[in-house]
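Reader: Could you take me through one small stretch of this model in detail? I'd like you to begin at one residue and then work outwards.

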Amino acid sequence: MDPKSKTGNPLTEFFKIFMDAVRGKQTEFTSGSIRRAIFMLSVPMILEMMMESIFAIVDIAYVSRVSVNAVATIGLTESVITLVYALAIGLSMAATAVVARRIGEKDEKEAARAAVQAIFLGILISVIIGVIGLTYSREILSLMGGSSDLIAEGHGYTKFLIGGNITIVLLFLINAVFRGAGDASVAMWTLILSNGLNIILDPIFIFGLGPIPEFGVTGAAIATNIGRGSAVLFQLYILFKGGSRIRLALSDLVLRVKIMFNLIRVSLGGIAQFLIGTSSWVFLMRLMSEFGSEALAGYTIAIRVMMFTFMPAWGMSNAAATLVGQNLGAEKPDRAEKSVWITGKYNAIFMFLISLVYLLLAKPIIALFSDVVPVIENGALCLQVVATGYLFYAYGMVVTQAFNGAGDTKTPTKINFIAFWLVQLPFAYLVSLYLDWGVLGVYLAILLAEVLLSIMAVIWFRKGYWKQTVV
C-alpha cells in the first residue's frame with residue numbers, strides 16, 4: 001500500500017493495514033489516498049465474497065457425494081432462485097447507492113431511514129417468493145426440464161431453499177446497506193458467521209448425525225436457512241446496538257413513502273438489469289438439461305468453481321461501487337472515476353492469473369468434486385472456454401458496479417439486454433442445437449457475452465453521463 005513503513009519493514013506495515021481493513025478502522029473514503037481506500041474496502045469485501053464462494057464449493061462437494069441428480073437439482077433450483085432474487089438484488093443495488101450517497105453527504109440519519117425502507121421491501125419480496133417455493137417446488141423443477149427421478153429426489157431442496165428465502169434475501173440486502181455505508185468489515189463478519197455455520201451444519205443435515213435423520217440434498221437447504229437466519233439476527237443486533245455507521249432506533253421502524261418510492265425508482269433499473277441477466281442464465285440451464293444430467297452436473301460444478309474466483313472479483317467491484325457513491329455524494333466525480341480505473345487494473349491482474357490456473361488445471365479441479373468421467377469432461381471444458389474471457393470481464397464487472405454505485409442502473413440494463421438477450425441466447429441456441437455443437441455452443445455463448453458486455457461497459461463509462469445521476 002502507499003504508506004511506507006515507519007519501522008522499515010514493509011511486511012509489518014502491510015499486515016497492520018490489512019488488520020485495520022478487517023477491523024473496519026477506516027470509515028472515511030472521500031479524501032486521502034485512493035489506493036488505500038480501495039484496499040481498506042476491498043479486503044473485507046473480498047473476504048466476504050470468498051466466504052460465500054467457499055460455502056458454494058463446500059456445499060457442492062457434500063451434495064456430489066449424494067448423487068448426480070442431487071447436484072443437478074441444485075443447478076436447476078439456483079437458476080430459478082437467482083431469477084426471483086433479481087428483485088432483491090436490484091433493491092440491494094439501490095440501497096447501496098442511496099446509503100453511500102447519503103454517507104458522502106454526511107447525512108447518516110437519512111442513510112438509516114433508507115436502510116429501514118429497503119428492509120421492509122426485502123421482507124415483502126421474500127414472503128411472496130417463499131409462498132411460491134413452498135407451493136410449487138415440484139412444478140418448478142419440472143418446468144426446468146428435471147426428470148421424474150430428479151424431481152422425486154430433489155423437490156425438498158427446492159421447497160426449503162425457495163420457501164425460506166427470507167434469510168438469504170435479508171442477509172444480502174442488509175450487507176448491501178453496510179457496504180454502502182463503508183462498513184465492509186461488518187458485512188464480512190456476518191458472512192463468516194453465516195457460512196461457518198452452514199459448513200458445519202451441511203454434513204449433519206445431509207448425511208444425518210445422532211437424532212438428526214439423513215435428509216439428503218434437502219439437508220443442504222435446511223442448513224442454509226439455519227446458518228443464514230442466524231447471521232440475519234446478528235445483523236439486526238448490530239443495526240440496533242451499534243457497531244456500524246448505520247444506527248437504527250425503534251422510532252425508525254415506520255413507513256416513509258417518499259424514501260421507499262425513491263428506492264423503488266432507483267432499483268427498477270437494477271431489477272431489470274438482473275432479470276435480463278438471470279433469465280438468460282435460466283435459459284442456458286434449461287438448454288444444458290437437453291444434454292443429460294451428467295452434462296448438467298458438470299456445468300453446475302464448473303459454475304460453482306468459477307464463483308470461487310468471481311466472488312473476490314465482485315468484492316473489488318463492490319468496493320468501486322461504494323467509492324463512486326460516496327465520492328459523488330461528496331461532489332468529487334473525478335475521484336470517483338479514478339477509483340474505478342485503479343480498481344479495474346487490480347481486478348484484471350487477479351482475474352488473469354486465475355484464468356491461467358483454469359486453463360492449465362481444469363480437469364483436476366473438476367475431479368475434486370466428481371469421479372464421473374463425462375461430468376469431469378463437461379465441467380473442465382466449461383472452465384477452459386469461459387476463463388479465456390476473464391481479462392475482459394475483470395473490467396466489465398468493475399465498471400458495471402460503478403454505474404450501479406452511482407445510481408445509474410439503467411445503463412447496465414441496456415448493456416445486459418444487448419449482450420445477453422440479443423447475442424448470448426440466440427447464439428447459444430443456434431450453435432448448440434441447430435449447428436449441433438452441443439455444450440460447447442453454450443460455453444462459447446457465455447464467453448462471447450462476457451467480452452461484449454465488458455467492451456460496451458467501458459465505452460459507455462468513458463462518456464461520463466453517470467456522474468450526473470441523482471439519487
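Where does Asp 436 lie?

Author: Asp 436 lies in the loop between α15 (410–434) and α16 (439–463). Helices here are DSSP runs of H or I with at least four residues, strands are runs of E with at least two, and both are numbered from the N terminus. Keep in mind that this is a predicted model, where local features need pLDDT of at least 70 and side-chain atom pairs count only at pLDDT 80 or more, while totals for chains, interfaces and linings use all residues. Residues are numbered from 1 along each chain as its sequence is written, and side-chain values use heavy atoms, with hydrogens and water left out.

What makes Asp 436 worth a stop is its backbone: phi is near 65°, a positive value in a residue other than glycine. Most residues other than glycine have a negative phi. Asp 436 counts as exposed because its relative accessible area is 64%; the bands are buried under 20%, exposed over 50% and partly exposed in between, with a 1.4 Å probe and protein chains only.

Glu 331 makes a nice companion. Its phi is positive too, about 60°, although it is not a glycine, and it sits in the loop between α11 and α12. At 70% relative accessible area, Glu 331 is exposed.

Going on from Asp 436 along the chain, you reach α16, whose 25 residues run 37 Å from first C-alpha to last, close to the 36 Å expected. The expected span is 1.5 Å times one less than the number of residues. After α16 comes Gly 464, with a positive phi near 85°. Back in the chain, α14 (residues 390–406) shows a similar ending: Gly 407 follows it, with phi positive and near 90°. The 17 residues of α14 should span 24 Å, and its end C-alpha atoms are indeed 24 Å apart. It is mostly covered, with 14 of those 17 residues buried.

Now for the rings. There are 14 aromatic pairs, counting rings of Phe, Tyr and Trp (its six-membered ring) with centres within 6.5 Å; planes under 30 degrees apart are stacked, over 60 edge-to-face, and the rest tilted. One of them is Phe 205 with Phe 215, tilted, at 6.2 Å centre to centre and 35° between the planes. That pair links distant parts of the chain, with Phe 205 in α8 (residues 184–207) and Phe 215, 10 residues away, in the loop between α8 and α9 (217–241). Phe 205 is buried at 12% relative accessibility, whereas Phe 215 is partly exposed at 35%. Phe 310 and Trp 314 are another tilted pair, their centres 5.4 Å apart and their planes at 45°. Both sit in α11, four residues apart, so about one helical turn separates them. Phe 310 is buried at 11%, and Trp 314 is partly exposed at 29%. These two also belong to a cluster in which ring pairs link Phe 310, Trp 314, Tyr 358, Tyr 390 and Tyr 393. Elsewhere, the charged end of Arg 179 sits over the ring of Phe 172, 5.8 Å from its centre; the rule asks for NZ of Lys or CZ of Arg within 6 Å of the ring centre and within 35 degrees of the ring normal.

α11 (293–329) also helps to line the largest pocket, along with α2 (34–63) and α12 (333–367), each supplying at least two residues. A pocket is an open set of points on a 1 Å grid, with protein on both sides within 12 Å along at least five of seven lines; a cavity is a set where a 1.4 Å probe fits but cannot get out, and lining residues have an atom within 4 Å of a point. The largest pocket has a volume of about 250 Å³. Its lining has 12 residues, with Ser 42, Ile 46, Met 316, Tyr 346 and Phe 350 nearest the centre. The largest share, seven residues, comes from α2.

α11 turns up again at the second largest cavity, where it gives the largest share of the lining, four residues. That cavity holds about 70 Å³ of space, a volume being the space filled by probe spheres set on grid points joined across faces, edges and corners. Its lining includes Trp 281, Thr 300, Arg 304 and Met 307.
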